[in-house]
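Reader: Could you take me through one part of this model slowly, without rushing off to everything else? I'd like the pieces tied together rather than handed over as a list.

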Amino acid sequence: MFCVHCGRPDAEGEHPGCRGPRAALEPPRFCPECARRMVVQVTPVGWSARCSRHGDTTSAARTG
Ligand SMILES: [Zn+2]
Ligand SMILES: [Zn+2]
């Protein structure tokens, strides 16, 4: 898995700017499965992010 905020491997490094409470509110920028940059759209209810390879992710789908 990759960090959705910086695109680097999740288990590598400390990701100081990626793990805070502010980051949790921000839409992802990179696909967690392939680290491609995703197309992000902010919607009235949250956000949706699309990977050209893995399809859409929405904030609604990320429960918990
Ligand atoms: Zn990160
Ligand atoms: Zn992907």
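What follows is a close look at one metal site and its surroundings. Which residues coordinate the zinc ion (ligand 1), and through which atoms?

Author: Sure, and one caveat up front: this is a predicted model, and every number below is computed from it.

Let's start with the metal itself. The zinc ion (ligand 1) is held by three sulfurs and a nitrogen: SG of C3, SG of C6, SG of C18 and ND1 of H15, with distances of 2.0 to 2.4 Å. Along the chain these donors follow the pattern C-x2-C-x8-H-x2-C. As for geometry, the angles subtended by the four donor atoms run from 95 to 129°. The arrangement counts as tetrahedral because all angles have to lie between 85 and 135 degrees for that label, and these do.

Now zoom in on the histidine. H15 sits in the segment before α1, the helix that covers 21–25. Is H15 buried or exposed? It is buried: the relative accessible area of H15 is just 1%, and the cut-off for buried is under 20%. Compare that with another donor of the ion, C6, which is partly exposed with a relative accessible area of 26%.

The backbone of H15 deserves a look too. Most residues other than glycine have a negative phi. H15, though, has a positive phi, near 50°, and is not a glycine. If you're checking torsions, there is another one to put next to it: A35, also not a glycine, has a positive phi of about 65°. A35 lies in the loop between α1 and β1, the strand at 39–43. Unlike buried H15, A35 is partly exposed, at a relative accessible area of 21%.

Back to the zinc ion (ligand 1) and what surrounds its donors. The residue to follow here is D10, which, like H15, belongs to the segment before α1. Once you set aside neighbours within four places in sequence, D10 is in contact with M1, F2, C3, H15 and R19. Two of those names, C3 and H15, are donors to the zinc ion (ligand 1). So what does the side chain of D10 do with R19? The two side chains meet in a salt bridge, with 3.0 Å from N to O. D10 isn't hidden away, either: its relative accessibility is 32%, so it counts as partly exposed. For a sense of spacing, take R29: it is 19 residues from D10 in sequence, and the two C-alpha atoms are 14 Å apart in space.

That salt bridge is one of two found in a search of the whole structure. The other pairs R50 with D56, where the closest N and O atoms are 2.8 Å apart.

It helps to set the site beside the second one. The zinc ion (ligand 2) is coordinated by SG of C31, C34 and C51, plus ND1 of H54, at 1.9 to 2.4 Å. Its angles go from 102 to 116°, which makes this arrangement tetrahedral as well. What is the spacing of the donor residues in sequence? For the zinc ion (ligand 2) it reads C-x2-C-x16-C-x2-H. Within that set, C34 and C51 link distant parts of the chain: C34 is in the loop between α1 and β1, C51 is in strand β2 (residues 46–51), and 17 residues separate them. Their surroundings differ in exposure, with C34 partly exposed at 23% relative accessibility and C51 buried at 2%.

Finally, here is the frame all this sits in. The chain has one helix and three strands, running α-β-β-β from the N terminus on. With 64 residues, a compact globule would have a radius of gyration near 11 Å, and the chain agrees at 11 Å. Its C-alpha trace spans about 30 × 25 × 20 Å along the principal axes. Of the 64 residues, 25% count as buried, H15 being one of the buried residues. Of the contacts between residues at least 6 apart in sequence, 19% join residues at least 24 apart. The accessible surface comes to about 4700 Å², with 51% of it belonging to carbon and sulfur atoms.

So, back where we began: H15 is a donor to the zinc ion (ligand 1), is buried at 1%, has a positive phi near 50°, and is in contact with D10.

Terms used. Residues numbered from 1 in each chain as written. Chains lettered and ligands numbered in written order. Predicted model: local features only at pLDDT ≥ 70, side-chain atom pairs only at ≥ 80, totals over all residues. Heavy atoms only, no water. Helix = DSSP H or I, 4+ residues; strand = E, 2+ residues; numbered from the N terminus. Buried < 20%, exposed > 50% of the residue type's maximum accessible area, 1.4 Å probe, protein only. Donors = N, O, S within 2.8 Å, 3.2 Å for Na, K, Ca; no water. Tetrahedral: all angles 85-135°; square planar, octahedral: opposite > 155°, others 65-115°. Salt bridge = Lys/Arg side-chain N within 4 Å of Asp/Glu carboxyl O. Rg over C-alpha atoms; globule rule 2.2 N^0.38 Å. Contact = heavy atoms within 4.5 Å. Areas by Shrake-Rupley, 256 points an atom, 1.4 Å probe, with all protein chains shown as cover.
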